[in-house]
Amino acid sequence: MIKGLYAAASAMAAGLTRQNLLSHNLANIDTPGFKQHLVTLDDFLYTRQTTPAPKTLGGEAARVLGWPGLGVETAAPEIDFQEGALRQTGEPLDFALQGAGFFQVRTPDGDRYTRDGRFLRDADGQLVTSEGYLVLDAAGAPLNLPLGTVAVTGEGALTVDGQAAGQLAIGVFADPAVELQRDPQRGNLFTAAAAPTGTEPGTVVQGYLETANVNPAQIMTQMVAVGRAYEAAQLLVQVQDELLGRAISTISRL
Amino acid sequence: MSQNVSQLLGLARSGMLARLQDLDVASANLANVNTTGFKSARANFQEMLDDAAVSGVRPAATQMLLKPGSLRTTSNPLDLAVEGEGFFAVQLPDGRTAYTRDGTFSRDSNNQIVTATGLRLVWQGQLPANLEDVHVNPDGTVMAQQAGVWSQVGQIPLTRFNNPTGLAGFGQNMWLATDASGAAQNGTATAAGYGTIHGNTLESANVNLAEEMTHLVALQRAYSLSVRSFQQSDHMFALAIQMRRG
């Protein structure tokens, strides 16, 4: 009885976690390069339940009632690296990657990878992200852009007024979902345990941004599902409680 | 991952607040669709994480968009437009220098070149008193006609910045230099990177009406979605609270 109560409560807790992530994904629907958080649910441990040893029937197998689950918990969140659609902005320092790969940027805590190509030229002429992190070139050094008209080739080679001005670093990971983790403090940036080894980077497009890979229709349907599952779990808790209460009151009358 | 009321409602709230801030920026862009030399802005949002806990979204910066506006011809020879990166420098009443792309200049009673609000343009030279006609060349040299004779009376410089998006808005379509923008670099028009000055011309706002309206529709929908997620989070809490009744 009590086991069922906690199983239902665990479903409510999992519902809140899922609602959390859906709200977060929705809030970032207009964040370029954003990769949505996915959540998967895992069963708790199963426990074998048996009846007390009966007097007449022999053999343990006959006494096993089954393996009821103890509830549900959320597994470690995963990252959905599906590519977002490109949106034209016309800004010369907005870049998008069409296909595989990540821009490499330098934070005070080390190098990070991102698909967010909102870059700027800072006061010293260096190419930085919208949050001021240095954008790196293929050799891992900051990119210095003199004033002038910036152009980029599909491979990420930058030119200013026709003069070569460096090569954007594009790190390709064969399986980003396995090789990359989120930076715990800085949104939209990813850390890698090892240097990227993949080949065939995507095409760098200037004047475009990659939109978040959040699909509003999908989020809304998921939210309805989460809401209903939560209501069902809440009802289960109430039913369990009612049964328990009835058992207590009935037995006390005897 | 633990949840509490303020965190879960805060996530949806951050989404709603972000869309409202975006609406402010979009409104300013739309309001200035006919403002000469206006540069539209873009609100940049960034995902917010706190020790790997999802925390919604936050505004990272409002970025000034530097796309050139279209040029239109006027009848005033002192209507100037810059084609390229440069800004005009004007003197503020308190002595500071502000920068603008709005080249609606005219001659005041003291033979000064002033903006529409009466602020003096910073340039080397002086308009003669007995001016019959004036003309500004692409390199900024100012030609004045006196008694039927043209002569050069000065030159209008241009200013550029490493990071124009880092300029601080002063209002009235003017900007001030900041640490983020880098120091003002003064130079001559037509020199590489400074741009060309066109007389009898004004630069229209670089607001793309269709783009702004599309953005407005999208952000309105995003706002509704955030409201919906706020309602659902609230409903889930209400269910948890109501669980024990008897």
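Q: In this predicted model, which residue of chain B forms a salt bridge with Asp94(A), and how far apart are the closest N and O atoms?

A: A salt bridge is read from a side-chain nitrogen of Lys or Arg lying within 4 Å of a carboxyl oxygen of Asp or Glu. Here the partner of Asp94(A) is Arg42(B), and the closest N and O atoms are 2.7 Å apart.

Q: How many salt bridges does the rule find across the interface of chain B and chain A?

A: The rule finds three of them. For polar contacts, the count between chain B and chain A is 32 residue pairs, with both residues at pLDDT 80 or more.

Q: Which parts of chain B supply the side that touches chain A?

A: Four elements of chain B each supply at least two residues: helix H1 (5-31), strand S1 (41-50), strand S2 (53-64) and helix H2 (209-242). H2(B) gives the most, with 14 residues. By residue type, the side of chain B that touches chain A divides into 23 nonpolar, 22 polar and 14 charged residues.

Q: How many residues are in contact between the two chains, and what area do they bury between them?

A: The contact involves 59 residues of chain B and 54 residues of chain A. Together the chains bury about 4600 Å², and 54% of that is on carbon and sulfur atoms. Three residues, Glu47(B), Asn162(B) and Met236(B), supply 15% of the area that chain B buries against chain A, more than any other three residues.

Q: Let's follow Met236(B) across the interface. Which residues does Gly15(A) contact, leaving aside its neighbours within four places in sequence?

A: Gly15(A) is in contact with Met236(B), and also with Val226(A) and Tyr230(A). Gly15(A) itself lies in helix H1 (residues 2-27) of chain A. Its relative accessible area is 7%, so Gly15(A) counts as buried. For a distance along the fold, take Gly15(A) and Thr74(A): they are 59 residues apart in sequence, and their C-alpha atoms are 9.0 Å apart in space.

Q: And where is Val226(A) found, and what does Val226(A) touch?

A: Val226(A) is in helix H3 (residues 216-253) of chain A. Not counting residues up to four places away in sequence, Val226(A) touches Gly15(A), Arg18(A), Gln19(A) and Leu22(A) from chain A, plus Gln232(B) and Met236(B) from chain B. Val226(A) counts as buried, at 2% relative accessibility. The C-alpha atoms of Val226(A) and Ala14(A) are separated by 9.2 Å, although these residues are 212 apart along the chain.

Q: Moving on to rings: how should I read an aromatic pair, and how many aromatic pairs are there over all chains?

A: Two numbers describe a pair of aromatic rings, namely the distance of the centres and the angle of the planes. Over all chains the count comes to 11 aromatic pairs. One of them joins Phe81(A) and Phe102(A): the centres are 5.7 Å apart and the planes are at 90 degrees, which makes the pair edge-to-face. Phe81(A) lies in the loop between strand S6 (78-79) and strand S7 (86-88) of chain A, and Phe102(A) lies in strand S9 (residues 102-107), so the pair ties together parts that are 21 residues apart in sequence.

Q: Are Phe81(A) and Phe102(A) buried or exposed?

A: Both are buried. They also belong to one aromatic cluster with Tyr113(A), Phe173(A) and Phe190(A).

Q: What is the geometry of the aromatic pair of Phe95(A) and Phe119(A)?

A: That pair is tilted, with 5.8 Å centre to centre and 45 degrees between the planes. Phe95(A) sits at 0% relative accessibility and so counts as buried. Phe119(A) is likewise buried, at 0% relative accessibility.

Q: Last topic, the backbone: what is the phi of Asp51(B)?

A: As background, most residues other than glycine have a negative phi. The phi of Asp51(B) is near 50 degrees, a positive value in a residue other than glycine. Asp51(B) is in the loop between S1 and S2 of chain B, and at 58% relative accessibility Asp51(B) counts as exposed.

Q: Where does Thr190(B) lie, and what is its phi?

A: Thr190(B) is in the loop between strand S17 (185-187) and strand S18 (196-198) of chain B. Thr190(B) has a positive phi of about 75 degrees, although it is not a glycine. With a relative accessible area of 48%, Thr190(B) is partly exposed.

Conventions
Residues are numbered from 1 along each chain as its sequence is written. Chains are lettered from A and ligands numbered from 1 in the order in which they are written. This is a predicted model: local features need pLDDT of at least 70, side-chain atom pairs count only at pLDDT 80 or more; totals for chains, interfaces and linings use all residues. Side-chain values use heavy atoms; hydrogens and water are left out. Contact means heavy atoms within 4.5 Å. Buried area is the accessible area (1.4 Å probe) that two parts lose on being put together, summed over both. A polar contact is a pair of N or O atoms within 3.5 Å; within protein, one must be able to donate a hydrogen and the other to accept it, and residues adjacent in sequence count only if both atoms are side-chain atoms. Ala, Val, Leu, Ile, Met, Phe, Trp, Tyr, Cys and Pro count as nonpolar, Asp, Glu, Lys and Arg as charged, and the others, Gly among them, as polar. Rings of Phe, Tyr and Trp (its six-membered ring) pair if their centres lie within 6.5 Å; planes under 30 degrees apart count as stacked, over 60 as edge-to-face and the rest as tilted. Buried means under 20% relative accessible area, exposed over 50%, partly exposed in between (1.4 Å probe, protein chains only).
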